[in-house]
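Student: I have not seen this structure before. Could we go through a few of its features one by one?

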Amino acid sequence: MSSHVGEKIKLIRTTLGLSQAKFCELLDIGIGGLKKYELGSSEPGYSVIEKLANNKATSIYTMWLLTGKTHPQIGQVSPGDSQSKHDATISESEFEDQFVDKVAQSLLMFCHLDWFKPNVEKQVDFDDCGKLILKDVKPLLAARYAGDQSSSKTA
């Protein structure tokens, strides 16, 4: 890790609009350590980096934190990117629409690759397939995000 990791952590914290105390509560880390990271007098250990990478609010910055690079297509951005602000505030209906679109695109690609063939007699609608998959997956996503939120509340 380079000495500017603490500066990056501070930028993540300020982008989220959190005080040092709230940020430490979110990640379940000590405030003394955070202050040292932000001042550059100490470097965060693996456990702190792991907490940043696994927290829903901060995980979108993991690639940038470690490499200085971003990849918005997979949700890896830097603080201040318009994409990161948009992703953090995406509505449930926008998420569902994006999910259905991605599933429909994937199914179409699978057809092009001849991995499966749709029943042409029934005129398969890939958007409907995406909605059915979302219906099945939605409880799993809700449970996962509820787990993320409860772990951050207890942190």
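Student: At roughly what angle do the axes of helix 2 and helix 3 cross?

Tutor: The model is a predicted one. Helix 2 covers residues 20-27 and helix 3 covers residues 31-39. Their axes come within 9 Å, and the crossing angle is roughly 115°.

Student: Is helix 2 roughly parallel or roughly perpendicular to helix 3?

Tutor: The axes cross at roughly 115°. Angles of 65 to 115 degrees count as roughly perpendicular. Therefore helix 2 is, relative to helix 3, roughly perpendicular.

Student: Is the crossing of helix 2 and helix 3 left-handed or right-handed?

Tutor: The angle alone was given above as roughly 115°. As for its hand, the crossing of helix 2 and helix 3 is right-handed.

Student: How do the residues of the contact of helix 2 with helix 3 divide into nonpolar, polar and charged?

Tutor: Helix 2 contributes Gln-20, Ala-21, Phe-23 and Cys-24, which meet Ile-31, Leu-34, Lys-35 and Glu-38 of helix 3. The residues of this contact divide into five nonpolar, one polar and two charged.

Student: Is Thr-62 buried or exposed?

Tutor: Thr-62 lies in helix 5, residues 62-67. Buried means under 20% relative accessible area. Because Thr-62 has a relative accessible area of 17%, Thr-62 is buried.

Student: Which residues is Thr-62 in contact with, leaving aside its neighbours within four places in sequence?

Tutor: One polar atom of the Thr-62 side chain lies 2.9 Å from the backbone oxygen of Ser-59. Ser-59 is within the neighbours left aside here, and beyond four places in sequence the contacts of Thr-62 are Leu-52, Ala-53 and Gln-76.

Student: The backbone oxygen of which residue lies 3.1 Å from a polar atom of the side chain of Thr-14?

Tutor: Thr-14 is part of helix 1, which runs over residues 5-15. Thr-14 counts as partly exposed because its relative accessibility is 41%. The backbone oxygen at 3.1 Å from its side-chain polar atom belongs to Leu-11.

Student: What separates the C-alpha atoms of Thr-14 and Gly-80?

Tutor: Along the chain, Thr-14 and Gly-80 are 66 residues apart. In space, their C-alpha atoms are separated by 10.0 Å.

Student: Which residues does Ile-133 touch, not counting residues up to four places away in sequence?

Tutor: Ile-133 is placed in helix 8, residues 126-154, and counts as partly exposed because its relative accessibility is 33%. The C-alpha atoms of Ile-133 and Phe-99, 34 residues apart along the chain, are separated by 9.3 Å. The residues that Ile-133 touches are Phe-99 and Val-103.

Key
Residues numbered from 1 in each chain as written. Predicted model: local features only at pLDDT ≥ 70, side-chain atom pairs only at ≥ 80, totals over all residues. Heavy atoms only, no water. Helix = DSSP H or I, 4+ residues; strand = E, 2+ residues; numbered from the N terminus. Buried < 20%, exposed > 50% of the residue type's maximum accessible area, 1.4 Å probe, protein only. Polar contact = N/O pair within 3.5 Å; in protein donor to acceptor, adjacent residues only side chain to side chain. Contact = heavy atoms within 4.5 Å. Axes fitted to C-alpha atoms, helices over the stretch in contact; angles between N-to-C directions. Parallel < 35°, antiparallel > 145°, perpendicular 65-115°, else oblique. Left-handed = near helix turned anticlockwise from the far one by under 90°. Nonpolar A, V, L, I, M, F, W, Y, C, P; charged D, E, K, R; others polar.
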